[in-house]
Amino acid sequence: MQPLAPNQRDVFLDAVRGLALVGILAVNLEHFAGVGLYAARYGSSPPYTLGREILAFFFSGKFYTIFAILFGLGLALQYRRFVAAGLDAPALLRRRLGWLLGVGALHGLLLFDGDILGTYAILGFFTLRYLGQEPRLLDIARFLLAGYVLYGLFVFFLRDMAPVPGSAEVFASGSFWAVSAARLETWLASTVLGSLLFGAELVGLFLLGIYLAPRWQSIGPATLWRVVALGLLVGIPVNWYNAQHPDLQPLRGLGGLAFALVYMALFRLFWPRLGLLHPLRYAGRMPLSNYLLQSLAMSLLFYGYGLGLYGQVSPIWFPLIAVGFVALQVALSRWWLWRFGQGPLEWLWRRFTYGPAASPQ
């Protein structure tokens, strides 16, 4: 089964993935750059506080939500293609998810203990049972509500019981092996805890993507504007509250969903006029490769075995760093796709799924 040719791909969805890469990196920089150590060294200055509030209000919870919706949508579209080709769709998707789990483990050990790929893979196995049927909006709402309640209970009552990440000094000045040991311990705990803590919410978002798969292209401007209005009505006060508690963000899931839908709806409404952002589709065509490239570059930039900038960069700069780095990734992705047709990890993923007969486009 051949991969989709460029003229068969939905460039809008690819561009949304590219946009999400910006937000994911901006949020992950809080971990890569060590905001806690920065505050301990330099204090909570107004720029520091403003940076944390901007991240909490505009970024945190919004872009993993977009990725989760697109993940579910992608599962549904792949299932449909496999079935239409007469293939064993559940078996192929289980292989894909197994490969993703393995990549997530290596990512968590070697690059970023905040990896979410493993969590997506584990919960993806559960979500497969909903493919080939019509997910009900009521079921989606139940999963999301359960996830929001569970996270709120955790923040207010169980947070002190969570695993403590490795020492900031290890990340700031430790060797690659010392940092990797800290990463392994944290990744194992965070993957299990993340699957339990965010499981219901992420499954709800996957199901929302499955629900939207056959209908999102038919959603008209009137509906999109209603989504924007409702998302802002809910999202502004909720995200304002989260921004005042950037280390807790007890309503992160609800605020994330509200603004994620606003971002996606506005992006869709103004897509024809956003020509400057259309090149994001190149980065979005190879999201896994770019996600791991972000982790590689940021770990070398901030950790002690690299340039050692851990704890030295204010969060006020994180959105600009994310925009600049993804712009570089867009250019690199365009060049790579022109030469090879698929991202390197996307090619490996496809080869593992179909076997040696798989070939790049």
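Asp139 and Arg142 sit together in helix H7, which runs over residues 137-158, and they are 3 residues apart, about one turn of the helix. The two side chains make a salt bridge, with their closest N and O atoms 3.7 Å apart. Elsewhere, salt bridges that share partners tie Arg9, Asp14 and Arg17 into one network. Back at Asp139, there is also a salt bridge to Arg136, at 3.0 Å from N to O. Arg136 has a relative accessibility of 47%, so it counts as partly exposed, a class that stops at 50%. Keep in mind as you click around that this is a predicted model.

How many salt bridges turn up in a search of the whole structure? The search finds 7. One that deserves a look is the pair Glu30 and Arg52, whose side chains meet at 2.6 Å, N to O. This pair links distant parts of the chain: Glu30 belongs to helix H1 (residues 11-32), Arg52 belongs to helix H3 (residues 46-59), and the two are 22 residues apart. Are these partners buried or exposed? The cut-off for buried is under 20% relative accessible area. Glu30 comes in at 15%, so it counts as buried. Arg52 has a relative accessible area of 6%, so it is buried as well.

Now move along the chain to helix H12, residues 252-269. Its 18 residues, at 1.5 Å a residue, should span 26 Å, and the end C-alpha atoms are 25 Å apart, so the model agrees with the expected span. That expectation multiplies 1.5 Å by one less than the number of residues. As for its surroundings, 13 of the 18 residues of H12 are buried, which means the helix is largely enclosed by the rest of the structure.

What does the UniProt record say about residues 223-355? The entry, which is unreviewed, annotates them as "domain: DUF418". In the model, this span is 71% helix and 0% strand, and its end C-alpha atoms lie 43 Å apart.

Finally, a word on confidence. The chain has a mean pLDDT of 90, and 94% of its residues reach 70 or more. Where does the pLDDT fall below 50? That happens over residues 357-361, a stretch that has 18 contacts in the model beyond near neighbours in sequence.

Definitions and conventions
Residues numbered from 1 in each chain as written. Predicted model: local features only at pLDDT ≥ 70, side-chain atom pairs only at ≥ 80, totals over all residues. Heavy atoms only, no water. pLDDT = per-residue confidence, 0-100. Contact = heavy atoms within 4.5 Å. Helix = DSSP H or I, 4+ residues; strand = E, 2+ residues; numbered from the N terminus. Buried < 20%, exposed > 50% of the residue type's maximum accessible area, 1.4 Å probe, protein only. UniProt positions renumbered as here; feature names shortened; annotations may be inferred. Salt bridge = Lys/Arg side-chain N within 4 Å of Asp/Glu carboxyl O.
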